[in-house]
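Biologist: Before I plan anything at the bench, could you take me through this model one region at a time, with the reasoning laid out?

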Amino acid sequence: MSQASRAAAPSPAAAPAPGALPSYLDPSHLGPWGIYLQQVDRVTPYLGNLSRWVETLKRPKRSLIVDVPIELDNGTVAHFEGYRVQHNTSRGPGKGGVRFHQDVTLSEVMALSAWMSIKNAAVNVPYGGAKGGIRVDPRLLSRGELERLTRRYTSEIGIIIGPNKDIPAPDVNTDGQVMAWMMDTYSMNQGSTATGVVTGKPIDLGGSLGRVEATGRGVFTVGVEAARHIGLDVSQARLIVQGFGNVGGVAAKLFAEAGARVVAVQDHGGTVYREAGLNVPELLKHVAEHRTVAGFADGEKIADDQFWQVDCDILIPAALEGQINKTNAGKIRARMVIEGANGPTTPEADDILQERGVLVLPDVIANAGGVTVSYFEWVQDFSSFFWDEDEINARLVRIMKAAFNAIWLTAQEHKVSLRTATFIIACTRILHARELRGLYP
Ligand code: NAD
């Protein structure tokens with residue numbers, strides 16, 4: 001292709017429109033961080049003397065915004081906006097995923113990093129909270145473009161990440177291959193192989209067995225524990241799932257294996273329904289081939305907004321944040337919502353669900369299985385000694401059950417929601433560490 005025809009080729013819509021406001025200046029994008037601040041305000045009355053440190057939780061420790069320029073396959077240069085936010089490192093290095101999505105904003109990454117601080121403290125792994133992202137629709141990039149984007153982003157944030165500083169992992173639209181490129185780029189820049197700089201790596205590069213399934217397995221584990229507390233028989237339960245990727249797909253599979261009927265699944269491409277229960281392994285195969293549940297032959301297509309009112313016992317939102325809001329919270333018929341996604345329920349919706357007696361298992365505990373096995377991966381990388389999958393799953397289940405039951409008791413004791421109870425436990429741990437360390441200088 002000549003240079004002229006390259007220049008004339010349309011640049012992918014993945015690049016933000018020229019002249020568009022950077023997202024951190026756009027007031028309509030302040031949402032997720034505002035939601036997080038409200039959650040901290042709700043918990044402050046329960047923090048006793050530690051509440052004098054609460055401002056620590058309302059300010060990310062470090063926020064890095066980077067320009068990520070790459071050459072596209074058509075010869076043009078596109079610039080993308082990337083972020084890495086370290087919300088808190090009082091209890092250990094930053095830890096949290098990297099998201100590639102066209103709607104990523106600084107506010108969102110700040111909130112996700114804060115929720116990582118809470119989550120890591122809730123399951124008591126020795127990490128602070130961090131998160132990263134690039135504002136890009138990766139589906140519009142070729143594999144080569146995606147690799148160049150990942151490598152340049154990793155180089156740009158390389159000044160603040162590291163095995164003892166901040167350890168990224170996969171999140172929406174990033175996977176083991178992206179982690180392999182991140183690990184390689186960081187290692188090349190450092191001059192030595194540093195497997196512990198990211199988790200969620202392929203097994204052959206120091207990844208952990210069980211990591212891919214860990215978040216979904218954690219969702220399932222806390223779901224079963226909560227079901228026991230409210231007298232719900234999982235083997236008879238009707239389940240609906242939004243988001244059928246790493247988290248939603250695995251959670252649906254484990255619930256189906258336990259006998260639950262998965263009656264509706266929604267993803268970015270549409271919603272499928274089957275009263276008798278969808279065949280989850282077949283649906284997973286369909287998604288592996290077509291990248292969406294839409295078009296699945298053994299189910300009926302229903303309108304996307306019908307999804308929320310499907311009769312069910314358990315709803316698992318496992319896609320993006322803000323999906324359960326004041327417009328649909330009143331229609332939800334589930335007894336229990338297990339938040340596989342981060343921040344899927346707005347505070348107004350949370351109140352509506354609570355008033356209606358729907359039990360919400362909050363993200364900050366429900367999806368903590370992923371980071372728990374990421375912690376195992378990091379430990380295995382440091383010791384260069386790898387555990388078998390049974391051991392990993394057994395340790396994961398033990399940690400998730402113990403953390404969930406402590407949260408359940410705290411909720412009963414203070415007569416608060418499970419979300420506030422999780423925040424009480426986590427914020428107490430973080431602020432206690434803050435107090436013990438003191439201020440420097
Ligand atoms: P993924 O990319 O594997 O899957 C995302 C799913 O959401 C896909 O099925 C996609 O089609 C669907 N989706 C996207 N936009 C949608 C929309 N507008 N409506 C309906 N469905 C939509 O991502 P994942 O790793 O499964 O992550 C899902 C959520 O879980 C995210 O909130 C993520 O932060 C959270 N989470 C992931 C992990 C992990 O280990 N992967 C850990 C903790 C939390």
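Modeller: A residue is called buried here when its relative accessible area is under 20%. Please keep in mind throughout that this is a predicted model.

Biologist: With that cut-off in hand, which residues point one way from β6, and which point the other way?
Modeller: In a regular strand the side chains alternate between the two faces of the sheet. β6 is mostly covered, with five of its five residues buried, and the residues on both of its sides are therefore under the 20% cut-off. Arg238, Ile240 and Gln242 point one way, while the other way point Leu239 and Val241.

Biologist: Which residue in β7 is the bridge partner of Arg238?
Modeller: β6 and β7 are joined by five bridges and pair in the parallel sense. Within β7, the residue that partners Arg238 is Arg261.

Biologist: In what order do the seven strands of the open sheet follow one another, and why is one side of β9 and of β12 left without a neighbour?
Modeller: The pairing in this open sheet is mixed, and the order of its seven strands is β9-β8-β7-β6-β10-β11-β12. β9 (300-302) and β12 (359-361) stand at the edges, so one side of each lacks a neighbour in the sheet, because each has a single partner strand. Direction ignored, neighbouring strands of this sheet are turned against each other on average by 20 degrees.

Biologist: Which residue in β11 stands opposite Ile314?
Modeller: β10 and β11 run parallel and are joined by two bridges. Opposite Ile314, in β11, stands Met336.

Biologist: How far apart are the end C-alpha atoms of helix α7, and what span should its 12 residues have?
Modeller: Helix α7 covers residues 246-257, and at 1.5 Å a residue its 12 residues should span 16 Å. The model agrees with this expectation, since the distance between the end C-alpha atoms is 17 Å.

Biologist: Against which elements do the buried residues of α7 pack, and at about what angle does α7 run to β6?
Modeller: The buried residues of α7 are Val247, Gly248, Gly249, Val250, Ala251, Ala252, Leu254 and Phe255. They pack against α6 (211-230), β6 (238-242), β7 (261-267), α8 (280-290), β10 (314-317) and β11 (336-338). The helix α7 lies across β6, β7, β10 and β11, and the angle at which it runs to β6 is about 170 degrees.

Biologist: Which residue just after α7 takes a positive phi?
Modeller: The phi is about 105 degrees, and the residue that takes it, just after α7, is Gly259.

Biologist: Which residues touch the most other members of the largest nonpolar core?
Modeller: In soluble globular proteins, nonpolar side chains tend to be buried together. The largest nonpolar core has 88 residues, and those that touch the most other members are Ile316, Ile338 and Leu361. Helix α3 (residues 106-122) gives the most to this core, and its share is 10 residues.

Biologist: Which residues does Leu361 touch, leaving out those up to four places away in sequence?
Modeller: With that exclusion, the residues that Leu361 touches are Val222, Gly223, Ala226, Met336, Val337, Ile338, Glu339, Ala366, Phe404 and Leu418.

Biologist: In the other open sheet, in what order do the five strands lie, and is β2 enclosed or open to its surroundings?
Modeller: Pairing is mixed in this sheet too, and the five strands follow the order β1-β2-β4-β3-β5. β1 and β5 (166-170) stand at the edges, each with a single partner strand, so one side of each has no neighbour in the sheet. Of the 12 residues of β2 (residues 77-88), 10 are buried, and β2 is therefore largely enclosed by the rest of the structure.

Biologist: Which residue in β2 is the bridge partner of Leu64, and which residue in β4 stands opposite Gln86?
Modeller: β1 (residues 62-71) and β2 run antiparallel and are joined by 10 bridges, and in β2 the bridge partner of Leu64 is Arg84. β2 and β4 (residues 129-135) also run antiparallel, joined by six bridges. Opposite Gln86, in β4, stands Ala130.

Biologist: Finally, how many residues of domain 1 are in contact with domain 2?
Modeller: The protein chain is divided into domain 1 (60-201) and domain 2 (213-366), and their centres, taken over C-alpha atoms, are separated by 27 Å. The residues of domain 2 in this contact number 10, and those of domain 1 number 13.

Conventions:
Residues numbered from 1 in each chain as written. Predicted model: local features only at pLDDT ≥ 70, side-chain atom pairs only at ≥ 80, totals over all residues. Heavy atoms only, no water. Helix = DSSP H or I, 4+ residues; strand = E, 2+ residues; numbered from the N terminus. Expected span 1.5 Å × (residues − 1). Buried < 20%, exposed > 50% of the residue type's maximum accessible area, 1.4 Å probe, protein only. Contact = heavy atoms within 4.5 Å. Core = buried A, V, L, I, M, F, W, Y, C linked by side-chain atoms within 4.5 Å. Pairing = 2+ DSSP bridges. Axes fitted to C-alpha atoms, helices over the stretch in contact; angles between N-to-C directions. Domains from an automatic or database assignment.
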